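Colleague: I would like to go through this structure with you step by step, and I would be glad if you could give the reasoning behind each answer.

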Amino acid sequence: DPFDGEPRFALLTVNFSTTRYLKLMLLTLSEQEELGLLRRIVVADNRSRDGGRTFLHQLSERVDRLEVVENQVFLNHARGMRRALRELDRVEADLPPAERANLLLFCDIDVIFRSREVLLDLAASVVVNDAAFAGELRRSGYSYPEAQASFFVVRRDVQARRDVRPWVYHGAPAH
């Protein structure tokens, strides 16, 4: 579905025995001024051994926007992100387009939302600039910049285009 100009975020992240960081990220996320922009959170757990699965299941019982994907074997970070994206697609498959998340926020668990306006700022960046992508670009050994998977937003309609997929690679998060 094409981007309709009404920002609706889905946050996708991966946990691998880093639950203490995940808790801090979620706490600071919960303090966002426009939390209503966040429609869904999908956490792929890569077989955490620090109580992460228990924490996530207890939290998902209280937070209806939280989806948990349990990987039975360790997957690298990029494969965990792709698994979270597939879960989002599965969960939202039967929803009308106006209820589906249309902005994908790929976010590492060690991100701290220091400003209460992060979601508003990201939404404005995409809407005002008619941008397909917002996030951190870095120069590397490639002839084009890389988007670091630690924190970036991509419009879901752009992510779905076959000529730009997949967004998340192992080694080079996104090109």
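Colleague: How much area does the protein expose, and what share of it do carbon and sulfur atoms supply?

Modeller: Please keep in mind that this is a predicted model, and that the values below are computed from it. The protein exposes about 9,300 Å², and the part of this area supplied by carbon and sulfur atoms is 49%.

Colleague: What percentage of the residues in the protein is buried?

Modeller: A residue counts as buried when its relative accessible area is under 20%. The protein has 175 residues, and the buried ones among them make up 46%.

Colleague: In what order do the elements of the protein run from the N terminus on?

Modeller: The secondary structure comes to 5 helices and 6 strands. Read from the N terminus on, with α for a helix and β for a strand, the order is β-α-β-α-β-α-β-α-β-β-α.

Colleague: Which residue forms a salt bridge with Asp-45, and is that residue buried or exposed?

Modeller: The closest N and O atoms of this salt bridge are 3.2 Å apart, which fits the cut-off of 4 Å. Asp-45 is itself buried. Its partner has a relative accessible area of 17%, and because buried means under 20%, this partner is buried too; the residue is Arg-53.

Colleague: How many residues apart in sequence are the parts that Arg-53 and Glu-70 tie together?

Modeller: The side chains of Arg-53 and Glu-70 meet in a salt bridge, at 2.5 Å from N to O. Arg-53 lies in helix α2 (residues 52–62) whereas Glu-70 lies in strand β3 (residues 66–70), so the pair ties together parts whose separation in sequence is 17 residues.

Colleague: Arg-8 and Asp-4 also meet in a salt bridge; which of the two is buried?

Modeller: The distance between their side chains, from N to O, is 3.1 Å. Asp-4 has 42% relative accessibility and therefore counts as partly exposed. The other residue has a relative accessibility of 5%, so the buried partner is Arg-8.

Colleague: How many salt bridges does a search of the whole structure find?

Modeller: Some of the residues concerned are linked in a network of salt bridges, namely Arg-40, Glu-67, Asp-89, Glu-92 and Arg-156. For the whole structure, the search gives a total of 11.

Colleague: Which residues form a nonpolar patch on the surface together with Leu-27?

Modeller: Leu-27 lies in helix α1, residues 19–29, and because its relative accessibility is 48%, it counts as partly exposed. The patch has about 260 Å² of accessible area together. The residues that join Leu-27 in this patch are Leu-24 and Ile-112.

Definitions and conventions. Residues are numbered from 1 along each chain as its sequence is written. This is a predicted model: local features need pLDDT of at least 70, side-chain atom pairs count only at pLDDT 80 or more; totals for chains, interfaces and linings use all residues. Side-chain values use heavy atoms; hydrogens and water are left out. Patches are made of residues with over 30% relative accessible area and no salt bridge: like charges are joined within 9 Å, nonpolar side chains (Val, Leu, Ile, Met, Phe, Trp, Tyr) within 5 Å. Accessible areas come from the Shrake-Rupley method with a 1.4 Å probe; for residues, only the protein chains shown count as cover. Helices (H or I, at least four residues) and strands (E, at least two) are DSSP runs, numbered from the N terminus. Buried means under 20% relative accessible area, exposed over 50%, partly exposed in between (1.4 Å probe, protein chains only).
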